[in-house]
Amino acid sequence: FFLSRGSKKEFPDMVSEREKEVLQLIAANKSSQAISEELGIATNTVIKHRKNMLMKTGAKDTTALVQLCRMCEVL
């Protein structure tokens, strides 16, 4: 994923509000099961949100996803 200066403002719109909630908990090093319990959703839903965010952003793993989202002021 290449981030140009102009795309920084557009990036936050790529991640839904629910995905942002999941992302904040991922950044807090919570497991998928812990996230699902905290948000009241299925563990598979958490996994799906994680995969969707990776695909949308082009991040290779969740560590890169968190760093990218911090850099783009999503987190």
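**Exercise 1. Work out the order of the elements along the chain, starting from the N terminus.**

Step 1: Read the elements from the N terminus on; in this predicted model they run α-α-α-α.

Step 2: Count them by type. The protein has 4 helices and 0 strands.

Step 3: Look at how the chain folds back on itself. Among contacts between residues at least 6 apart in sequence, 56% join residues at least 24 apart. Of the 75 residues in the protein, 36% are buried.

**Exercise 2. Decide which parts of the model deserve a careful reading, using pLDDT.**

Step 1: Start with the whole chain. The mean pLDDT is 85, and 84% of the residues reach 70 or more.

Step 2: Go element by element. Helix α2 (residues 32–39) has the highest mean pLDDT, 97, and helix α4 (residues 62–71) the lowest, 90.

Step 3: Check the start of the chain. Over residues 1–7 pLDDT stays under 50, and for this stretch the model has 9 contacts beyond four places in sequence. Where pLDDT is low, predicted coordinates should not be read in detail, so go easy on those contacts.

**Exercise 3. Find out which residues of the largest nonpolar core touch the most other members.**

Step 1: Take the core, which has 16 residues; Val22, Leu23, Ile26, Ile35, Met53 and Leu65 touch the most other members.

Step 2: Ask which helices contribute. At least two residues of this core come from each of α1, α3 (43–57) and α4. As background, nonpolar side chains tend to be buried together in soluble globular proteins.

Step 3: Zoom in on Met53. Leaving out residues up to four places away in sequence, methionine 53 touches Val15, Glu19, Val22, Leu23, Ile26 and Leu65.

**Exercise 4. Say how α1 and α3 are placed relative to each other: roughly parallel or roughly perpendicular?**

Step 1: Get the geometry. The two helices pack at an angle of about 100°, and their axes are 10 Å apart.

Step 2: Classify the angle. Anything from 65 to 115 degrees counts as roughly perpendicular, and α1 and α3 are therefore roughly perpendicular to each other.

Step 3: List who meets whom. From α1 come Arg18, Glu19, Val22, Leu23 and Ile26; from α3 come Val46, His49, Arg50, Asn52, Met53 and Lys56. By type, the residues of this contact divide into 5 nonpolar, 2 polar and 4 charged.

**Exercise 5. Sort residues of α1 by burial, and place Arg18 and Glu21 in the picture.**

Step 1: Collect the buried ones: Glu19, Lys20, Val22, Leu23, Leu25 and Ile26. The buried residues of α1 pack against α2, α3 and α4.

Step 2: Add arginine 18, also in helix α1. Arginine 18 counts as partly exposed because its relative accessibility is 31%, between the 20% and 50% cut-offs. Setting aside neighbours within four places in sequence, arginine 18 is in contact with Leu39, Ile41 and His49. Its C-alpha atom is separated by 9.7 Å from that of valine 46, 28 residues apart along the chain.

Step 3: Do likewise for glutamate 21, in helix α1 (residues 17–27). At 33% relative accessibility, glutamate 21 counts as partly exposed. The C-alpha atoms of glutamate 21 and leucine 75 are separated by 9.6 Å, with their positions 54 residues apart along the chain.

**Exercise 6. Is serine 32 buried or exposed, and which residues does it touch?**

Step 1: Locate it. Serine 32 lies in helix α2.

Step 2: Apply the cut-off. Buried means under 20%, so serine 32, at 16% relative accessibility, counts as buried.

Step 3: List the partners. Not counting residues up to four places away in sequence, serine 32 touches Thr43, Val46, Ile47 and Arg50.

**Exercise 7. Look at the phi values of asparagine 29 and glutamate 73, then check where each residue sits.**

Step 1: Take asparagine 29. Its phi is near 60°, a positive value in a residue other than glycine. Asparagine 29 follows α1 and lies in the loop between α1 and α2. With a relative accessible area of 71%, asparagine 29 is exposed.

Step 2: Turn to glutamate 73. Here phi is near 65°, again positive in a residue other than glycine. Glutamate 73 lies in the segment after α4.

Step 3: Finish with accessibility. Exposed means over 50%, so glutamate 73, at 59%, counts as exposed.

Key
Residues are numbered from 1 along each chain as its sequence is written. This is a predicted model: local features need pLDDT of at least 70, side-chain atom pairs count only at pLDDT 80 or more; totals for chains, interfaces and linings use all residues. Side-chain values use heavy atoms; hydrogens and water are left out. Buried means under 20% relative accessible area, exposed over 50%, partly exposed in between (1.4 Å probe, protein chains only). pLDDT is the predictor's confidence in each residue, from 0 to 100. Contact means heavy atoms within 4.5 Å. A nonpolar core is a set of buried Ala, Val, Leu, Ile, Met, Phe, Trp, Tyr and Cys residues joined through side-chain atoms within 4.5 Å. Axes are lines fitted to C-alpha atoms, for helices over the stretch in contact, and angles run from 0 to 180 degrees between N-to-C directions. Angles under 35 degrees count as roughly parallel, over 145 as roughly antiparallel, 65 to 115 as roughly perpendicular and the rest as oblique. Ala, Val, Leu, Ile, Met, Phe, Trp, Tyr, Cys and Pro count as nonpolar, Asp, Glu, Lys and Arg as charged, and the others, Gly among them, as polar.
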